[in-house]
Amino acid sequence: MKKIHYIGLWMLCACLLTACDDLMDTHKEFIQGGEIIYAPKPDTIFFVAGKNRVEANYTISKAPNVNSVNIYWNSGQDSLITQVELSTEEVNGKIILPSLKEKSYTFTIQLQDKYGHKSLEVTSFRTAYGENYQNSLTGRRIKQMQSNAEGGIVEWDIAQDGLVYNELKYTDVNGKTQELRMEADQGSILCPNAASGSNIEYRSAYIPEEASIDTFYTAWQNSAEAGMNFPHIYEYADVNRENWEILYFDNSDPEEGSPQNMLDNNQDSYWHSDYHNATRFPYTFIIDMKQTLWVGKMGAVSRKDVFYSKGISYYVTEDTEYAHDPNGNNWTYIGDVELRQENGWQWSTISPDTAEKELRGRFLKVVFISGHNGDHLGAIAELGVQRISAVDGNEVD
């Protein structure tokens, strides 16, 4: 029995020795010429997008023998070998990969030591941007431009993705060019002492990705291209209506109130449309103001506590030929007043674009176009205008 055990033990040892020989044969295949020694990998490495280039950022520590950072892309067809100084300290560095086509890249990175040993490969990804991205950009749009005592204010539409800031150039009251920068999270910006009536130049700055090493700019634009500038600051003065005369009207009820009541400086009297023989809006009046005026504001007073009239349009002309003709083609539209249902004077300022045309006239055409209480009832206590008396602090005739 013992003999059988000895024979079995001998056979088991023989099998183990044979297996070990086979394993060694396999291992020898991979260590011919000595064991493979690897350089250490970088602690961190990441890439940042740019304009036809990419920036590699790395950190290397505990690698005193490493003397180069090797970066490969386009399946290894392109590479950049960058020498680094040997150091026992932590080393941080940046490497620019220039002249890249606009596309996404896969980068393979290895460190190499002074003995020629390379680290295991590290892979990273990033995109280089170029003309296609540039052509996709549009300047941030201006919503409106205003003027005040401090200068000019530019209000902007919502910022697009990737916008970081806008650059502005404007002319101040002394004729000097000033430059400003407005961050993307701002909705408006003050241009101190901006000259009224002037425009601005502006461009938008974008980055395609957070922390991009390059900024992309739109072309410089001029606000005048969008029909915008810092409006002039107008001052207004009341006009004496004592000598005003109504030359034409097409609707009135003499029992309720004549048209001349609109010019008598008495808010208790009024003109009223004819509701005995009711006709629908519009109702038209022509007034001789007895002098040529640069009209700036239009105003009206509703009949006290009776708010029939609502929409009123104003026109002017200097041509006496049309003084009695409401349908002539020489009337120039200057604006509207939409009356609220309340007592007292209500004024409407003409638009800056219209004001800049310096519309002047002696004859005023007033057209009532709508009402609060139906399409055939109108009543007004007073009509008037205010002239533009000064522009940007300079008096005008």
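How many helices and strands does the protein have? With the whole chain in view, the protein shows three helices and 25 strands, where helices are DSSP runs of H or I with at least four residues, strands are DSSP runs of E with at least two, and both are numbered from the N terminus. What is on screen is a predicted model, in which local features need pLDDT of at least 70 and side-chain atom pairs count only at pLDDT 80 or more, while totals for chains, interfaces and linings use all residues. Residues are numbered from 1 along each chain as its sequence is written, and side-chain values use heavy atoms, with hydrogens and water left out.

**The whole chain**

The radius of gyration of the protein is 42 Å, well over the 21 Å that the globule rule gives for 397 residues, so the protein is more spread out than a compact globule; the radius is taken over C-alpha atoms, and the rule is 2.2 Å times the number of residues to the power 0.38. Turned along its principal axes, the protein has C-alpha atoms that fill a box of roughly 145 × 65 × 35 Å. Of the 397 residues, 41% count as buried, a term that means under 20% relative accessible area, with exposed meaning over 50% and partly exposed lying in between (1.4 Å probe, protein chains only). Among contacts with a separation of 6 or more, 69% come from residues 24 or more positions apart, a contact being heavy atoms within 4.5 Å.

**First stop: Y133 and F216**

Select Y133 and F216 and display their rings, which form an edge-to-face aromatic pair at 4.9 Å centre to centre with 80° between the planes. Rings of Phe, Tyr and Trp (its six-membered ring) pair if their centres lie within 6.5 Å, and planes under 30 degrees apart count as stacked, over 60 as edge-to-face and the rest as tilted. Because Y133 lies in helix α2 (residues 131-135) and F216 in strand β14 (residues 216-217), the pair ties together parts that are 83 residues apart in sequence. Y133 counts as buried at 15% relative accessibility, and F216 counts as buried at 1%.

**Second stop: W271 and Y283**

Move next to W271 and Y283, whose ring centres are 6.2 Å apart and whose planes stand at 70°, so this pair is edge-to-face. W271 lies in strand β18 (residues 271-272) and Y283 in strand β19 (residues 283-302), so the pair ties together parts that are twelve residues apart in sequence. W271 is buried, with a relative accessible area of 0%, and Y283 is buried as well, at 1%. Extend the selection to F249, F281, F285 and F368, which form one aromatic cluster together with W271 and Y283.

From F281 in that cluster, follow the backbone to P282, to which F281 is joined by a cis peptide bond with omega of about 10°. P282 is found in the loop between β18 and β19.

**Last stop: two loop residues**

Select S99, found in the loop between β5 (91-97) and β6 (103-113), where phi is near 55°, a positive value in a residue other than glycine. S99 counts as exposed at 72% relative accessibility. Finally, go to D305 in the loop between β19 and β20 (311-317), where phi is near 65°, again a positive value in a residue other than glycine. D305 is exposed, with a relative accessible area of 56%.
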